[in-house]
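Colleague: Could you take me on a close look at the inside of this protein, and at the side chains packed there? I would like one connected account that I can follow with the model open.

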Amino acid sequence: MSINVILVGPAGCGKSTITNTLVGQIVSSSGPSFNGSGVTRHIVKHAVSHGQLRGHIIVDTPGYNDLKLHATAAAEIKKALNSSKIVKILVLATMEAGRTRPSEQAFINSLISALGGKCNYCVLFNKTSPSSIINSPAHQRVLSSFYAGLTHPPSSACFIPFDPQLAEKKNSQLQLSSKAKLESFISSLPTNEVTSVGEILSTAEAQNREKQRLEQEKMRLEREKKEAEAKHRANVEAAEAHARKQKKKGKVVAGVAAGAVVAGPVGAIVGGLLGSLF
């Protein structure tokens, strides 16, 4: 069964570039956005046919902060999250000049709350500062503050460095070093399962629910078995009682008949009484 990797994030955060990178060719339009409106209008799904993510399907979604197509973006994101039985959720965020955006925290909280708060997701900080800054104490404080503002923290996070060559370039891909890092990160992401009613649960939660369902089903079957056995015993006992009654009735009739033959009316009465005793 294929696994859908759902890319969710604001317009211009690099979802389409990442899609192109993971698929290995230009399959999703990307480029700079200057008016608050993203390039992607509807979900774009492409299968990965090679490498660590072979068998995964990358799903690019419209930017949730698209000023012109907010309702459409929300509907497309919902469609993407229900596009497969097994999904990985990757939320893109930005960390520019060592700062994060409160609006992105608010979106993540809204998204996870809408999904029931029982799903796994990971955060990808795209276009971040060089590694030397990422590993600094100041960076760690910013990251801790970002996580503190989330009602349901992510399972993990990944940082892709900013590439100035891609800043004004359309329909691009990340460098090979970033691609390798990204593939390794996504291959290790925890999965979620989409239930029959569209609820998205972590695989562990889904397995726990399935275990509970099977236990309840077992208890129901055992209860029905006991009820069936009790009903069968009652039917057998009733049949045996009826048979004894019929047998006793038969003996009475036989005794009456025998007495009538041997001694006439008086013998019939005596025979009937004797028959009733056996």
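Modeller: Happy to, and let me begin with a definition: a nonpolar core here is a set of buried Ala, Val, Leu, Ile, Met, Phe, Trp, Tyr and Cys residues joined through side-chain atoms within 4.5 Å. Buried means under 20% relative accessible area, exposed means over 50%, and partly exposed is in between, with a 1.4 Å probe and protein chains only. Please keep in mind that this is a predicted model, where local features need pLDDT of at least 70, side-chain atom pairs count only at pLDDT 80 or more, and totals for chains, interfaces and linings use all residues. Residues are numbered from 1 along each chain as its sequence is written, and side-chain values use heavy atoms, with hydrogens and water left out.

Now to the core itself. The largest one holds 29 residues, and those with the most contacts inside it are Leu81, Ile89, Ile108, Leu111, Tyr121, Phe125 and Ile200. Several elements supply at least two residues each, among them strand 1 (3-8), strand 4 (86-94), helix 3 (102-114), strand 5 (122-128) and helix 5 (137-148). Helices (H or I, at least four residues) and strands (E, at least two) are DSSP runs, numbered from the N terminus. There is also a second, separate core of 21 residues, which includes Leu22, Leu92, Ile186 and Leu189. Back in the largest core, Leu111 touches Val8, Leu81 and Val91, not counting residues up to four places away in sequence; contact means heavy atoms within 4.5 Å.

Next, please find Phe146 in helix 5. Phe146 is buried, with a relative accessible area of 0%. Leaving aside neighbours within four places in sequence, Phe146 is in contact with Ala93, Thr100, Arg101, Gln105, Ile108 and Phe125. Two names in that list, Ile108 and Phe125, are also among the residues with the most contacts inside the largest core. As for Arg101, its C-alpha atom is 8.6 Å from that of Phe146, although the two residues are 45 apart along the chain.

The rings deserve a look too. Rings of Phe, Tyr and Trp (its six-membered ring) pair if their centres lie within 6.5 Å; planes under 30 degrees apart count as stacked, over 60 as edge-to-face and the rest as tilted. By this rule there are 3 aromatic pairs. Phe125 and Phe159 make a stacked pair, 5.1 Å centre to centre with 10 degrees between the planes. Phe125 lies in strand 5 and Phe159 in strand 6 (residues 157-161), so this pair ties together parts that are 34 residues apart in sequence. Both of these phenylalanines are buried. The rings of Phe146 and Tyr147 have their centres 6.4 Å apart and their planes at 55 degrees, so that pair is tilted. Tyr147 is partly exposed, at 27% relative accessible area. Ring pairs link Phe125, Phe146, Tyr147 and Phe159 into a cluster.

Strand 5 has another residue to point out, Lys127. Its phi is near 60 degrees, a positive value in a residue other than glycine. For background, most residues other than glycine have a negative phi. Lys127 is partly exposed, with 31% relative accessibility.

From Phe146 you can also step across to a charged pair, since Arg101 is one of its contacts. The side chains of Arg101 and Glu104 meet in a salt bridge of 3.8 Å, N to O. A salt bridge is a side-chain nitrogen of Lys or Arg within 4 Å of a carboxyl oxygen of Asp or Glu. Arg101 counts as partly exposed at 33% relative accessibility, whereas Glu104 counts as buried at 1%. The whole structure has 3 salt bridges.

Finally, there are the cysteines. A disulfide is a pair of cysteine sulfur atoms within 2.5 Å, and a search of the whole structure finds 0 of them. The sulfur of Cys122 is 9.5 Å from the closest cysteine sulfur, in Cys158, which is too far for a bond. Cys122 is buried at 1% relative accessibility, and Cys119 is buried at 2%.
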